[in-house]
Amino acid sequence: LESSLLTQPWASVCFGESTFVAKACFRDTGYILLISDLSSVWYESADVEVVGQRSKELNKRLTVHVFSFLHRLRNLMCPLLAGQPDTATSFSCHHAADGLSLHVKSELSGLPFYWDFHCCPAPVEMVSRHLVRPLIRMSLALQYQVQELTALLFQKDAEIKDYTESGATLSRDRLRTEPFQEQTFQQNFMAE
């Protein structure tokens, strides 16, 4: 499950007044949820046994197979992570000293459906693998892309200068641009 979680994108989600980034992976064998407020990172990994036990505790009136619970959880969480939450479902969270609880209230087969994700602090290696390393790699990729685009802008400025020195003129004056100033760009970028 955790290796499958690596391929899942982070999504911004709101629970009440709190904003988080989260990602999840659901399979027939269980699920894993990773959630962060960018100060702390929590996770829960639950197999079929945990899901079965918790479903009996929280949903005494529902007697469905554990795979139905997993399927229902996937159908509730995936749209939420895609930015299209189900309006008939409510999510709330509670911070505790030992972790984060995410409460889900919905409906299954016409009966109330409740679920609690009991998230504990994520180990450092998990935070590094899912958050820190990808962010550093993306930052490096973006820095490389900026360098490539800067070089391309300098080439375009040289090309335009060659055209104007050869006597070429713009047919539409509104297309005129100033030569690229890398230092000014970097200063404005850092200021923003």
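## Close-up views of a predicted model

**View A. The second largest pocket has a volume of about 170 Å³.** Please keep in mind that this is a predicted model. Which residues line the second largest pocket? They are Gln8, Pro9, Ala11, Ala22, Lys23, Ala24, Cys25, Phe26, Arg27, Arg74, Cys78 and Leu81. Strand 2 and helix 3 each bring at least two residues to this lining, and strand 2 gives the most, with six residues. Sorted by class, the lining of the second largest pocket holds eight nonpolar, three charged and one polar residue.

**View B. Here is the open sheet, built from seven strands.** If you trace the strands across the sheet, their order is 1-2-3-4-7-6-5, and the pairing is antiparallel. Strand 1 (11-15) and strand 5 (90-96) are the edge strands, as each pairs on one side only. Neighbouring strands of this sheet are turned against each other by 30° on average, with direction ignored.

**View C. At one edge of the sheet, strand 1 pairs with strand 2.** How many bridges join strand 1 to strand 2? There are five, and the two strands run antiparallel, with strand 2 covering residues 18-27. For one pair to look for, start at Ser12: its bridge partner in strand 2 is Val21.

**View D. Two helices, helix 2 and helix 3, pack on the sheet.** Helix 2 (residues 48-58) touches strand 3 (30-36), strand 4 (41-47) and strand 7 (111-121). The direction of helix 2 makes about 130° with that of strand 7. Helix 3 (residues 66-81) touches strand 1, strand 2, strand 3, strand 5, strand 6 (99-108) and strand 7. The direction of helix 3 makes about 140° with that of strand 2. You have met helix 3 already, in View A, where it supplies at least two residues of the lining of the second largest pocket.

**View E. Strand 5 and strand 6 form a hairpin.** Look for the two residues that lie between these strands. Strand 5 and strand 6 pair in the antiparallel sense over seven bridges. Where does Ser90 find its bridge partner? The partner is Lys105, in strand 6.

**View F. The chain is assigned two domains, domain 1 (1-122) and domain 2 (129-191).** These bounds come from the domain assignment of the chain. How far apart do the C-alpha centres of domain 1 and domain 2 lie? The distance between these centres is 43 Å.

**View G. The largest pocket has a volume of about 340 Å³.** It is lined by 13 residues, and the closest to its centre are Ile160, Lys161, Thr164, Arg176 and Thr177. What classes do the lining residues of the largest pocket fall into? Six are nonpolar, four are charged and three are polar.

Key. Residues numbered from 1 in each chain as written. Predicted model: local features only at pLDDT ≥ 70, side-chain atom pairs only at ≥ 80, totals over all residues. Heavy atoms only, no water. Pairing = 2+ DSSP bridges. Helix = DSSP H or I, 4+ residues; strand = E, 2+ residues; numbered from the N terminus. Axes fitted to C-alpha atoms, helices over the stretch in contact; angles between N-to-C directions. Contact = heavy atoms within 4.5 Å. Domains from an automatic or database assignment. 1 Å grid on protein atoms, 1.4 Å probe; cavity = no way out; pocket = protein on both sides within 12 Å on 5 of 7 lines; lining within 4 Å. Points joined across faces, edges and corners; volume = space filled by probe spheres on them. Nonpolar A, V, L, I, M, F, W, Y, C, P; charged D, E, K, R; others polar.
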